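Reader: I have a new model open at the bench and would like to talk it through. Could you take my questions one at a time?

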Amino acid sequence: MRTVFVFLTTPSNAIVLLIVLGLGLMLLRWRRLGMSAALLGTVGLLTFGYSSAGELLMAPLVSRFAPPDLETVSAPFGIIVTGDGINEVSSRTTGALMELTEAGDSVPITALLAGRYPNARLILIGGSGHPRPTRPADGMRRILMEFGVDEDRITIDADSLSTHERVTNAMSVIGADRDKTWWLVTSAHRMPRAIGVFRAQGLEPIPYPVDYRWIPPFDPLYTYPLTEGMAITDTAAKEWLGMLLYRMQGKTQTYFPAP
């Protein structure tokens with residue numbers, strides 16, 4: 001049921017289904033209704049696929065939390081890293097040190113932060129639904145060790161999939177150290193929801209957003225390739241809907257967490 005819900009609420013899927021529905025209705029001689037549905041779907045596809053309209057959904061998410069000033073911020077007792085920006089299947093197959101996806105900025109950033117703060121613990125959270133050894137957290141640990149990070153500093157949870165699962169499992173690892181200074185490294189668009197869940201569970205981590213899917217300023221005349229524009233729209237819509245569901249389920253205390 002959850003898979004069906006996610007599929008239907010993804011804008012690119014919903015738009016294609018609307019066009020297909022419209023064509024089907026026209027074949028069944030519901031011409032006016034069918035033409036309206038197909039036209040609406042086509043307009044949605046052109047608008048969110050080619051124009052910068054998807055940026056209007058993405059911009060508030062990625063600009064909500066600014067990265068910390070490394071010269072003035074408190075040094076971390078530990079760094080929590082959530083995400084799945086590693087294609088570990090490809091790395092294992094090709095023998096490459098790392099194969100990063102679009103969300104892979106957290107890997108080099110974490111390596112740099114681990115070097116800058118050599119006493120900080122590292123908690124790597126993130127699964128992919130695949131069996132060992134293809135899980136992102138496993139891959140990130142392997143890569144960090146290649147960069148010289150001591151394995152004793154690293155704790156992983158490679159099974160959690162959702163943002164709520166990742167935060168809950170991270171809190172289990174943190175335990176009695178929740179009063180210490182923790183940093184959170186995750187994608188900028190995902191940061192509001194993640195911060196909201198951490199706050200609901202009694203931790204106020206310092207956000208370190210990465211993987212920016214949109215950089216200001218907004219340009220209403222900018223055009224995207226179709227798949228890229230829809231990808232931005234799908235990603236942003238997922239977060240807005242996710243924040244709504246989390247608020248309704250009591251997993252966060254506010255709909256759109258702020259600094």
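Reader: Happy to start with a single residue: in which helix is threonine 233 found?

Author: Keep in mind that this is a predicted model. Looking along the chain, threonine 233 falls within the run of residues 226-248. That run is helix H10.

Reader: Thanks! Is threonine 233 buried or exposed?

Author: The cut-off for a buried residue is under 20% relative accessible area. Threonine 233 has 2% relative accessibility, so the residue counts as buried.

Reader: Which residues does threonine 233 touch, not counting those up to four places away in sequence?

Author: Here we set aside residues up to four places away in sequence. What remains around threonine 233 is Pro11, Phe48, Gly54 and Leu57.

Reader: How far can I trust the coordinates, and which element has the lowest mean pLDDT?

Author: The chain has a mean pLDDT of 90, and 97% of its residues reach 70 or more. Where pLDDT is low, predicted coordinates should not be read in detail. Among the elements, the highest mean, 97, belongs to helix H9 (residues 191-200), and the lowest, 74, to helix H5 (residues 88-94).

Reader: Now to the interior: how many residues are in the largest nonpolar core?

Author: In soluble globular proteins, nonpolar side chains tend to be buried together. In this model, the residues with the most contacts inside the largest core include Ile79, Leu113, Met140 and Val185. Elements giving two or more residues to this core include strand E1 (78-82), helix H6 (106-116) and helix H7 (136-146). The count for the largest core is 22 residues.

Reader: Which residues is leucine 113 in contact with, leaving aside neighbours within four places in sequence?

Author: Leucine 113 is one of the residues with the most contacts inside the largest core. With its neighbours within four places set aside, leucine 113 is in contact with Ile79, Trp183, Val185 and Tyr208.

Reader: And how many residues does the second, separate core have?

Author: Ile125, Met191, Leu203 and Tyr246 are among the members of that second core. Its count is 17 residues.

Reader: On to charges: what is the N to O distance in the salt bridge of glutamate 71 and arginine 116?

Author: Side chains of opposite charge can pair when their charged atoms come close. This pair links distant parts of the chain, with glutamate 71 in the loop between helix H4 (53-62) and E1, and arginine 116 in helix H6, 45 residues apart. Glutamate 71 is exposed at 66% relative accessible area, while arginine 116 is partly exposed at 41%. Their N to O distance is 3.4 Å.

Reader: Which residues do salt bridges with shared partners join into one network?

Author: A search of the whole structure finds seven salt bridges. One of them pairs lysine 180 with aspartate 179 at 3.8 Å, N to O. Lysine 180 is partly exposed at 37%, and aspartate 179 is exposed at 62%. Through shared partners, the network joins Arg121, Asp177, Asp179 and Lys180.

Reader: With which residue does arginine 199 form a salt bridge?

Author: Arginine 199 counts as partly exposed, because its relative accessibility is 23% and the partly exposed class lies between 20% and 50%. The closest N and O atoms of the pair are 3.0 Å apart, and the partner is glutamate 204.

Reader: Last one, about the surface: which helix gives the most to the nonpolar patch?

Author: The patch covers about 350 Å² and is made by Val4, Phe7, Leu8 and Leu17. Valine 4 counts as partly exposed at 47% relative accessibility. Three residues of the patch come from the helix that gives the most, helix H1 (residues 2-9).

Technical notes
Residues are numbered from 1 along each chain as its sequence is written. This is a predicted model: local features need pLDDT of at least 70, side-chain atom pairs count only at pLDDT 80 or more; totals for chains, interfaces and linings use all residues. Side-chain values use heavy atoms; hydrogens and water are left out. Patches are made of residues with over 30% relative accessible area and no salt bridge: like charges are joined within 9 Å, nonpolar side chains (Val, Leu, Ile, Met, Phe, Trp, Tyr) within 5 Å. Accessible areas come from the Shrake-Rupley method with a 1.4 Å probe; for residues, only the protein chains shown count as cover. A salt bridge is a side-chain nitrogen of Lys or Arg within 4 Å of a carboxyl oxygen of Asp or Glu. Helices (H or I, at least four residues) and strands (E, at least two) are DSSP runs, numbered from the N terminus. Buried means under 20% relative accessible area, exposed over 50%, partly exposed in between (1.4 Å probe, protein chains only). pLDDT is the predictor's confidence in each residue, from 0 to 100. A nonpolar core is a set of buried Ala, Val, Leu, Ile, Met, Phe, Trp, Tyr and Cys residues joined through side-chain atoms within 4.5 Å. Contact means heavy atoms within 4.5 Å.
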